[in-house]
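Open the model in your viewer and keep the sequence panel at hand. The stops below go from single residues to the whole chain.

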Amino acid sequence: MKHLINIESLSIDEINQICAKALDFEKGIRKTNHSNASVINMFFENSTRTRLSFEMAENKIKCNKFNFSIDTSSINKGEDIFDTINNLSAIGMNAVILRHQDNNLIEELSKKRYFQEISFINAGSGTNAHPTQALLDYYTIKKHFLDLSTKTITIVGDVAHSRVARSNIALLKKFNMKIRCLAPDYFTGEKIDGVEYYTNLEEAFKDTNIIMVLRIQKERIQEHIDFEDYIKNYQITKENLPYDVFLMHPGPINKNIEIREDVLETQNARTILNQAKNGVYVRMAILDTILISQGL
Ligand code: CP
């Protein structure tokens, strides 16, 4: 695994190997030292969880960690991103963690030749992919459910603009999980094969094991959205949340829009902070795997 661009390019074996390695890191069984490797975090979009859990993972695997500041870089003098990364490669960076608003940029960059070998890890690309989020979500789910082929997940909300939904669907389909999406028409987006679509919350939540709520991506929405209608019909409340369901959210949460605030105090919602915690171990496993592939 030289790069991690999307879930589609990972095999089931590779996904399971990343999760097994993450578990070893979590249990403290596996220790590693990548002090000969240099990794740079380049975030063109805002982030708390992804950026800081990558930083934590980089510290824990003992690589040399750099944070690229867009505002003070020569990108502000007009340098393009390919030249920027080619220079980073010449300086000695071995891997780039990239979050960017463009759906396809990271894949295009990963196919180019650089001064020295450099790996790309996708930390979120537009509305297209967020593979490390899907991997940490899968890791979180697998700690609770052994056989996913007998389980149902319902993904709720702004599916249309969600890279988290797209990457999770691509991953969970590989494990034959039953996948439902619950969204009003204005948040459904292009329908994906193998997914059942619902507009009625009660029907979608019947016999579901996991509810994954999505953030409404206000920064990507051009059209007028009737938030009152959304809250009335799709907001997760204590009343409509099934008793023993596993509640997930990638964060950040728009409190009292997609989830009513008091739901976050329930036992069901404990998973959400565990997702953030698990992100560190999964990102350690991804970085370790990619740096080893470069002999570092
Ligand atoms: N889940 C997620 O990607 O969160 P951040 O935008 O805070 O990184």
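Helices here are DSSP runs of H or I with at least four residues, and strands are runs of E with at least two, numbered from the N terminus. With that in mind, select A134, which sits in helix α5, residues 131-142. The model is a predicted one.

**Stop 1: A134 in α5**

Is A134 buried or exposed? Its relative accessibility is 0%, and the cut-off for buried is under 20%, so A134 counts as buried. Now show what surrounds A134: leaving out residues up to four places away in sequence, A134 touches I7, S167, N168 and L171. For a distance check, pick the C-alpha atoms of A134 and L172; the two residues are 38 apart along the chain, and the atoms are separated by 8.7 Å.

**Stop 2: T154 in β5**

Move on to strand β5, residues 152-156, and select T154 within that strand. T154 has a relative accessible area of 0% and is therefore buried. Which residues does T154 contact, apart from neighbours within four places in sequence? The contacts of T154 are R180, L182, A204, F205, T208, I210, I211 and M212. A C-alpha distance to draw from here runs from T154 to K173: 13 Å, for a separation of 19 residues along the chain.

**Stop 3: R180 in β6**

R180, listed among the contacts of T154, is the next selection. R180 belongs to strand β6, residues 178-182. With a relative accessible area of 6%, R180 is buried, because that value is under 20%. Colour the residues that R180 touches, again ignoring those up to four places away in sequence. On the β5 side they include T152, I153, T154 and I155. Further along the chain, R180 touches V195, E196, Y198, E203, A204, F205, K206 and T208. T208 is 28 residues from R180 in sequence, and their C-alpha atoms are separated by 8.9 Å.

**Stop 4: the loop between β9 and α10**

Go next to the loop between β9 (246-248) and α10 (270-293), and find P252 there. Look at the backbone from G251 to P252: this peptide bond is cis, with omega near -10°.

I253 is found in the loop between β9 and α10 as well. Its relative accessibility is 26%, so I253 counts as partly exposed. Not counting residues up to four places away in sequence, I253 touches E258, L264 and I272. To see a long distance label, measure from I253 to S35: they are 218 residues apart in sequence and 36 Å apart in space, C-alpha to C-alpha.

Staying in the loop between β9 and α10, select N256. What is phi of N256? The angle is near 70°, a positive value in a residue other than glycine. N256 has a relative accessible area of 34% and is partly exposed.

**Stop 5: K62**

K62 lies in the loop between α2 (49-60) and β2 (64-68). Phi of K62 is positive, about 60°, although K62 is not a glycine. K62 counts as partly exposed, at 47% relative accessibility.

**Stop 6: the two domains**

Clear the selections and colour by domain. Domain 1 takes in 12-130 and 279-293, while domain 2 is 132-275. How far apart are the C-alpha centres of domain 1 and domain 2? They lie 26 Å apart. To display the contacts across the boundary, select the 27 residues of domain 1 that are in contact with 22 residues of domain 2.

**Stop 7: the whole chain**

Zoom out to the full protein, which has 10 helices and 9 strands. Along its principal axes, the C-alpha trace spans about 55 × 45 × 35 Å. The radius of gyration is 19 Å; a compact globule of 296 residues would have a value near 19 Å, so the two agree.

Colour by burial next: buried residues make up 54% of the 296 residues. Then switch on the surface, whose accessible area comes to about 13700 Å², with 45% of it belonging to carbon and sulfur atoms. Of the contacts between residues at least 6 apart in sequence, 79% join residues at least 24 apart.

Finally, colour by charge. There are 36 positive and 38 negative side chains, and the centres of the two sets lie 7 Å apart.

Notes:
Residues are numbered from 1 along each chain as its sequence is written. This is a predicted model: local features need pLDDT of at least 70, side-chain atom pairs count only at pLDDT 80 or more; totals for chains, interfaces and linings use all residues. Side-chain values use heavy atoms; hydrogens and water are left out. The radius of gyration is taken over C-alpha atoms; the globule rule is 2.2 Å times the number of residues to the power 0.38. Buried means under 20% relative accessible area, exposed over 50%, partly exposed in between (1.4 Å probe, protein chains only). Contact means heavy atoms within 4.5 Å. Accessible areas come from the Shrake-Rupley method with a 1.4 Å probe; for residues, only the protein chains shown count as cover. Lys and Arg count as positive and Asp and Glu as negative; His and the chain ends are not counted. The place of a charge is taken as NZ of Lys, CZ of Arg, CG of Asp or CD of Glu. Domain bounds come from an automatic or database domain assignment.
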